[in-house]
Amino acid sequence: MTDDSKSERQALNEIFPNSTLFLCTFHVLQALWRWLCESKHGVSKFERQLYMQRFRKVMYSPNEIEAKVFMDELCNDKSTLFQNI
């Protein structure tokens, strides 16, 4: 389990080609929070928390089916920034 370091993930993939690499949930959420806080994206403080709560539902879903349902809801919401993901 790693953060999204391209060089680290490439090295691990070369050394352990048959393993599955997972992204650390903390780092995924941290990257999303940083993105939401960048002023150029124009996300209000209230909206940031809302998006984080909704995305956490995706991240912490007990199974793939529920995660897909929550992600579809997030991406299909016309007011959300997640439409183009």
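A polar contact is a pair of N or O atoms within 3.5 Å; within protein, one atom must be able to donate a hydrogen and the other to accept it. This definition is applied below to a predicted model.

The fold of the chain is helical. It contains four helices and zero strands. Read from the N terminus, the order of elements is α-α-α-α. The radius of gyration is 15 Å, well over the 12 Å that the globule rule gives for 85 residues, so the chain is more spread out than a compact globule. The C-alpha trace spans about 45 × 30 × 20 Å along its principal axes. Of the 85 residues, 22% are buried. The accessible surface of the chain amounts to about 6,600 Å². Carbon and sulfur atoms account for 55% of that surface. Contacts between residues at least 6 apart in sequence were also examined. Among these, 28% join residues at least 24 apart.

The interior was considered next. Eleven residues form the largest nonpolar core. Its members are Leu29, Leu32, Leu36, Val43, Tyr51, Met52, Phe55, Val58, Met71, Leu74 and Cys75. Three helices, α2 (25-37), α3 and α4, each supply at least two residues of this core. The most come from α3, which gives four residues. Leu29, one of the core residues, illustrates the packing. Neighbours within four places in sequence were set aside. Leu29 is then in contact with Met52, Phe55, Arg56, Met59 and Tyr60. Two of these partners, Met52 and Phe55, are themselves listed in the core.

Ser61 was examined as a single site. It sits in the loop between α3 (45-59) and α4 (64-76). Is Ser61 buried or exposed? Its relative accessibility is 16%, and the cut-off for a buried residue is under 20%, so Ser61 counts as buried. Its side chain takes part in polar contacts on two sides. A polar atom of the Ser61 side chain lies 2.5 Å from the backbone oxygen of Lys57. The side chain also reaches the backbone nitrogen of Ala67, at 3.5 Å. Residues up to four places away in sequence were then left out of the count. On that basis, Ser61 touches Glu66, Ala67 and Phe70. Ala67 thus appears both as a polar partner of the Ser61 side chain and among the residues that Ser61 touches.

Charged side chains were surveyed last. Side chains of opposite charge can pair when their charged atoms come close. How many salt bridges are there? The count comes to two.

One salt bridge joins Lys40 and Glu38, with the closest N and O atoms 3.7 Å apart. Lys40 has a relative accessible area of 67% and is exposed. Glu38, with a relative accessible area of 33%, is partly exposed.

The other salt bridge joins Lys68 and Asp72. Here the closest N and O atoms are 3.0 Å apart. Both residues lie in helix α4. Lys68 and Asp72 are four residues apart, about one turn of the helix. Lys68 is exposed, at 51% relative accessibility. Asp72 is partly exposed, at 32% relative accessibility.

Key
Residues numbered from 1 in each chain as written. Predicted model: local features only at pLDDT ≥ 70, side-chain atom pairs only at ≥ 80, totals over all residues. Heavy atoms only, no water. Buried < 20%, exposed > 50% of the residue type's maximum accessible area, 1.4 Å probe, protein only. Contact = heavy atoms within 4.5 Å. Core = buried A, V, L, I, M, F, W, Y, C linked by side-chain atoms within 4.5 Å. Rg over C-alpha atoms; globule rule 2.2 N^0.38 Å. Areas by Shrake-Rupley, 256 points an atom, 1.4 Å probe, with all protein chains shown as cover. Salt bridge = Lys/Arg side-chain N within 4 Å of Asp/Glu carboxyl O.
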